[in-house]
Amino acid sequence: MSITAILISTILVNNYVFAQFLGICPFLGVSNKTDTSLGMGVAVTFVVTLASIVCFFIQKMILDPLGLAYLQTIVFILVIAALVQFVEMVLKKTTPALYSALGIYLPLITTNCVVLGVAIQNIVAKYDLIQTIANSIGASIGFTLALLIMAGVREKLELADIPEPLKGFPITLLSAGLMSVAFTGFAGLV
Amino acid sequence: MKYSKILKDGVINNNPILVQFIGMCSALAVTTSVKNALAMSAAVIFVLVCSNIIISLIKGITPDEIRIPIFIVVIATFVTIVQMFLQAFSKPIYDSLGIFLPLIVVNCIILGRAEAFAYKNSVFSSFVDGVGQGLGYTFALFVVSSIREIIGNGSFFGISLFGESFQPISIFIQPPGAFIILGLFVGVFNLIKSKKAVRE
């Protein structure tokens, strides 16, 4: 698959949030305000891309040659957890401004299933390095896009008159469902 | 704490999906058919119960600062066991659950229960808590997947219900249906809960 096809596919057609259900927890948890969702989106883009590249090399250079592919899940989640911690420390030392902006989102990212999901999917789909990078960037842009749209919708929902039992979480799910219907309109684009 | 109360908390009062809203990714993704939902639930119950027991057993010797990585390794080990077991004995289920099987590692229910319950309570209570939360997860998944499969595919557990002439509403089997059905289910659950609270 060409890089453009991968990008369009992951951002619009197979959006990780609306079509593949990855990263629903932060999607529902952080999408209250547009600026916090943008911060989360940037942090996710950074970690997903870095983690996918590292996991790609670990799979190709360590796990595959040694026949340890069954350890994939354990190794990947440890790499991601260590990486998130490492990124946090580097940012704290080198760019405190960026750290204070992203700080609160970084620890949350370890348990964001987008990171592990994309890393595993790159291996399952047998992508090469360039395709891996394109897939990770596309996935994170798609995630950020979903987060931003949702935040916009939720800011309006605050003022709406919602039936009592549907207040809060259920109405968010219903709006996500309608948005997901809109995204099915992109099907067949790639 | 009484064991029956721990169980009831897990299934109803503190249901992971309907009340705590954690572990949503897999709940939305695998509810396309009842069979998938039950297979996923069984995998989650196994991992949840085993990791709760182990984490409760080792809580005395776990250094507090690095407990989260330790939890993750314990959980990932059991997930790998489930993966290998399903791959060997039930390839179709392994294929249909796909990426959501390894993603049990980052399912917030399991890490959440490890941190909030197993790390602070006795081994047997942790076991009961694992069963309770697992059954709560199963209950939510079963209801959502039944509705989705019946409306979206006209079948239940793979058995066709309405014959040839039935036109299924396929949007319910597609991703949007998951959000909408779960949203409405949580709404109905809240409604029943508030009605019950008023009566009491």
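Me: Is the crossing of α3(A) and α4(A) left-handed or right-handed?

Reply: This is a predicted model, in which local features need pLDDT of at least 70, side-chain atom pairs count only at 80 or more, and totals for chains, interfaces and linings use all residues. Residues are numbered from 1 along each chain as its sequence is written, chains are lettered from A and ligands numbered from 1 in written order, and side-chain values use heavy atoms, without hydrogens and water. With a crossing called right-handed if the near helix is turned clockwise from the far one by less than a right angle, that of α3(A) and α4(A) is right-handed.

Me: At what angle do helix α3 and helix α4 of chain A pack?

Reply: The helices (DSSP runs of H or I, at least four residues) span residues 34-66 and 72-94, with axes fitted to C-alpha atoms lying 10 Å apart. The pair is oblique, a class left for angles that are not under 35, over 145 or from 65 to 115 degrees. The packing angle is about 135 degrees.

Me: Which residue of chain B pairs its ring with that of F71(B)?

Reply: F71(B) is buried (under 20% relative accessible area), at 1%, and lies in helix α4 of chain B, whereas its partner, 48 residues apart, is in the loop between α6 and α7. The partner is also buried, at 15%. Ring centres 5.5 Å apart (a pair needs them within 6.5 Å) and planes at 70 degrees (over 60 is edge-to-face) make this an edge-to-face pair, and the partner is Y119(B).

Note on methods
Axes fitted to C-alpha atoms, helices over the stretch in contact; angles between N-to-C directions. Helix = DSSP H or I, 4+ residues; strand = E, 2+ residues; numbered from the N terminus. Phe/Tyr/Trp six-rings, centres within 6.5 Å; stacked < 30°, edge-to-face > 60°. Buried < 20%, exposed > 50% of the residue type's maximum accessible area, 1.4 Å probe, protein only.
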